[in-house]
Amino acid sequence: MSPLDPQVPGPAAELRELPDRELVLRCQRNESRAFDELVGRHQDRVYSAVARFCGNAEDAADIVQRAFINAFRKIQEFKGDSAFSTWIYRIAFNQAISFRRENRRPTVSIYSKDDDKVVEPAVESNPTEKTESEETQKKVQQALDQLEEGDRQIIVLKDLQGHSYDEIAEIMQIPKGTVRSRLHRARLELKAKLKAYIGTLTEDAAS
Amino acid sequence: MNCAFDKEKLTGYYDGELGTAEKAEVERHIASCSECLRDLGELKSAALLVRDLPRLRAPKSIAEGVSREIQAAGKVHVFSRMRRTVLWASAAAAGLFVVMNVMYFSSKERNAPMTEGAPAMVRAAAKADPMASTPPPAPAEAKDGRSLDLAKSAEDADRADVRRNAAPPMARQEQQPAPQKNEELRKANDEEPSRKKVVAADKEGGGAKPGAAPVTAPPPPPAPAAMPEKPLTAAPAAPAAKAAPAPAPAPEPKPESKQTTDALAEKAAAKRELDAVPKTEPADAKAKLGAAGPPPADLPPVLCNVVTTQLAKSRTRVEESLKAIGIALPTPPPAQPRAPRNREAENTLVLELTESQFIRLKEEIEKPGDARLVVTSPVDPVLPAFGRGGLYGPKKDVASSGAKAPAAKEAEAPAGGAAKSLADQGAPEPRRKVTLHLVESKTLPAADAEPAKKQ
């Protein structure tokens with residue numbers, strides 16, 4: 001059974017115990033169930049990152065699905081030099097960048113009243129605070145959408161996903177020293193766009 | 001606001017990505033620099049705002065779509081594997097088929113030349129080494145014994161010829177008639193291909209015999225090569241073949257030990273037939289212009305002129321007349337390359353005619369009334385009448401010279417008349433060599449009475 005949906009038959013239990021490296025090896029031996037396990041492990045994080053990057057939930061679903069399918073087709077080429085997550089992120093973001101360049105359309109807010117889409121609520125608060133929180137999140141999302149692709153990507157990977165500089169360098173295929181400078185610049189840009197809120201948060205962050 | 005500190009280290013410091021030394025440096029600096037401290041705070045706030053964005057759950061469609069695609073790819077993978085296997089198997093089968101066909105046809109080609117050329121091979125082998133004791137190579141179809149029999153008889157005949165020609169001491173007593181015998185044998189050898197044809201045809205006609213099986217479809221012997229040298233004998237080769245079954249002893253079964261004697265007997269019989277045939281030759285026998293040797297004519301040769309007012313008409317007239325009486329026009333000799341044109345030879349025809357044929361030819365030529373056939377003497381008075389230029393010189397009166405012709409004709413008339421009386425009696429008519437010169441004249445000589453009537 002799938003950990004996400006009991007109704008959907010999922011991979012076998014023993015596969016859940018296996019690390020990503022072993023699952024990849026099984027995939028390369030044409031064990032399709034192993035790849036199903038990999039999809040289940042990484043689809044939420046990849047989808048969340050791509051959704052924040054694209055600013056569009058529907059596009060993100062298509063992009064992530066294509067990314068996993070491409071990863072399955074190229075699974076024989078994966079040598080294990082990096083983590084599977086790094087590899088799938090790279091594929092997904094490349095797919096997202098190509099998709100955004102080919103399909104320039106208005107960003108549909110990923111915020112809806114459907115709470116099922118949210119895996120981890122950002123803040124547990126009362127309804128008033130929740131409304132303010134949602135407003136803040138929208139502003140932040142809007143500010144992210146205004147950043148350049150590279151700045152946006154690095155912000156999402158670092159600040160949203162929590163990847164290390166090494167992982168970011170591998171995903172974005174840039175030198176590690178470049179990650180810090182790009183991230184610093186991106187944060188300065190984002191801060192400028194969120195000036196109205198930074199002042200208040202700065203006081204909170206500083207404390 | 002003009003702090004020169006590397007602000008990027010602040011980001012690294014916030015993210016915990018600095019080494020120990022750099023980290024200590026940043027901590028010392030921000031302890032004393034309010035600007036950098038404020039910048040560090042702003043960077044943290046921005047990062048925290050993004051970090052606090054809610055995580056999103058992936059829709060079910062992603063996993064389902066990926067799973068569906070994996071299953072479809074798996075089926076395609078299996079199918080492509082099967083298809084690959086099928087393709088390889090088909091390619092292998094096709095290759096095997098091609099190889100087998102090549103082997104089959106190459107073996108067929110190897111066997112075919114031996115079958116068709118077996119008698120030729122045998123003759124060549126026999127002529128090259130007639131005294132060889134080894135038998136000739138067996139043809140591919142020896143299993144029915146047909147070509148093997150023919151090959152053996154050919155070899156034995158050749159051996160007999162060689163031994164005979166070697167002239168043992170005992171045979172020197174017959175030195176006088178030997179040339180004749182040799183001539184006969186030579187003729188017999190020359191006619192051997194046609195004899196073989198006769199034997200083959202006879203065997204075909206004679207039905208199946210245990211000893212000498214009928215030969216089916218032997219290769220055509222090189223008889224045509226020998227035919228032009230003996231026009232009289234070559235033409236009746238076919239009739240001889242037809243007449244062969246009756247007199248030829250070929251149908252009789254021959255034990256192998258008697259083949260040499262029988263072969264000689266066959267040769268002699270064939271020669272007798274061929275010599276007898278000219279008396280019953282059909283009307284379409286051909287006489288060659290300028291043949292190697294003049295055929296034996298019973299009557300002395302005669303020279304004639306076919307006189308017309310237009311030289312171009314005369315040849316056509318002669319051809320039509322010959323066709324009307326059933327005589328084929330003799331074929332001219334092949335033109336020599338780079339040789340000057342021989343107009344006289346072009347306007348001269350040599351025929352072998354009986355007296356009756358000659359008379360009919362004259363009638364046909366003179367029937368329209370614009371041509372005359374004039375018999376002349378061996379020293380043709382007509383041609384000198386044309387002067388130095390021969391046919392194309394100044395023309396003199398032909399009539400006066402033509403008056404001499406009847407005298408020559410009259411001299412020959414008795415012989416012709418005798419011939420005609422013989423013809424009347426039903427006996428074969430003697431023939432004569434008739435040379436026709438085609439000449440042109442402004443006036444035609446007077447029409448001559450029939451030679452027979454002048455007798």
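**Exercise 1. Decide whether A:Arg41 is buried, partly exposed or exposed, then find its salt-bridge partners.**

Solution. Start with the accessibility: A:Arg41 has 27% relative accessibility, so it counts as partly exposed. Keep in mind that we're looking at a predicted model.

Next, look for a partner. The side chain of A:Arg41 meets that of A:Glu37 in a salt bridge, at 3.0 Å from N to O. Both residues belong to helix H3 of chain A, where they sit four residues apart, about one turn of the helix.

Now check the partner's surroundings. A:Glu37 has a relative accessible area of 7%. Buried means under 20%, so A:Glu37 is buried.

Finally, widen the view: A:Asp20 joins A:Glu37 and A:Arg41 in a network of salt bridges.

**Exercise 2. Work out which residues of helix H2 of chain A are buried, and how they are placed around the axis.**

Solution. Go along the helix, which covers residues 20-28, and pick out the buried ones: A:Leu23, A:Val24, A:Cys27 and A:Gln28. They span an arc of only 140 degrees around the axis, so they end up on the same side of H2(A).

What lies over them? The cover includes helix H1 (13-17), helix H3 (32-54) and helix H5 (84-102) of chain A.

Then step off the end of the helix. Just after H2(A), you'll meet A:Asn30 with a positive phi of about 65 degrees.

**Exercise 3. Compare two more salt bridges, one in each chain, and say how open their residues are.**

Solution. Take chain A to begin with. A:Arg29 pairs with A:Glu22, and their closest N and O atoms are 3.9 Å apart. A:Arg29 is exposed, at a relative accessible area of 52%, while A:Glu22 is partly exposed at 27%.

Over in chain B, the side chains of B:Arg51 and B:Asp52 meet in a salt bridge of 3.6 Å, N to O. B:Arg51 is partly exposed, with a relative accessible area of 44%. B:Asp52 is partly exposed as well, at 31% relative accessibility.

To put these in context, a search of the whole structure turns up 22 salt bridges over all chains.

**Exercise 4. Describe the contact between chain B and chain A: how much area is buried, and which residues of chain B lose the most?**

Solution. First, the area. The size of an interface is often given as the accessible area lost when the parts come together. Here chain B and chain A bury about 4300 Å² between them, with 64% of it on carbon and sulfur atoms. In chain B, the residues that lose the most area to chain A are B:Arg55, B:Leu56 and B:Arg57, together 18% of what that side buries.

Second, count the participants: 42 residues come from chain B and 53 residues from chain A.

Third, look at the pairings across the interface. There are four salt bridges and ten residue pairs in polar contact, both residues at pLDDT 80 or more. A salt bridge between the chains joins A:Arg180 to B:Glu22, with 3.9 Å between the closest N and O atoms.

Fourth, ask which elements of chain B supply the touching side. Those giving two or more residues are helix H1 (8-15), helix H3 (34-51), strand S1 (55-56) and helix H4 (60-116). H3(B) gives the most, with twelve residues.

Last, sort that side of chain B by class: you get 18 nonpolar, eight polar and 16 charged residues.

Notes:
Residues numbered from 1 in each chain as written. Chains lettered and ligands numbered in written order. Predicted model: local features only at pLDDT ≥ 70, side-chain atom pairs only at ≥ 80, totals over all residues. Heavy atoms only, no water. Contact = heavy atoms within 4.5 Å. Buried area = accessible area lost by both parts, 1.4 Å probe. Polar contact = N/O pair within 3.5 Å; in protein donor to acceptor, adjacent residues only side chain to side chain. Nonpolar A, V, L, I, M, F, W, Y, C, P; charged D, E, K, R; others polar. Buried < 20%, exposed > 50% of the residue type's maximum accessible area, 1.4 Å probe, protein only. Arc of directions from axis to C-beta.
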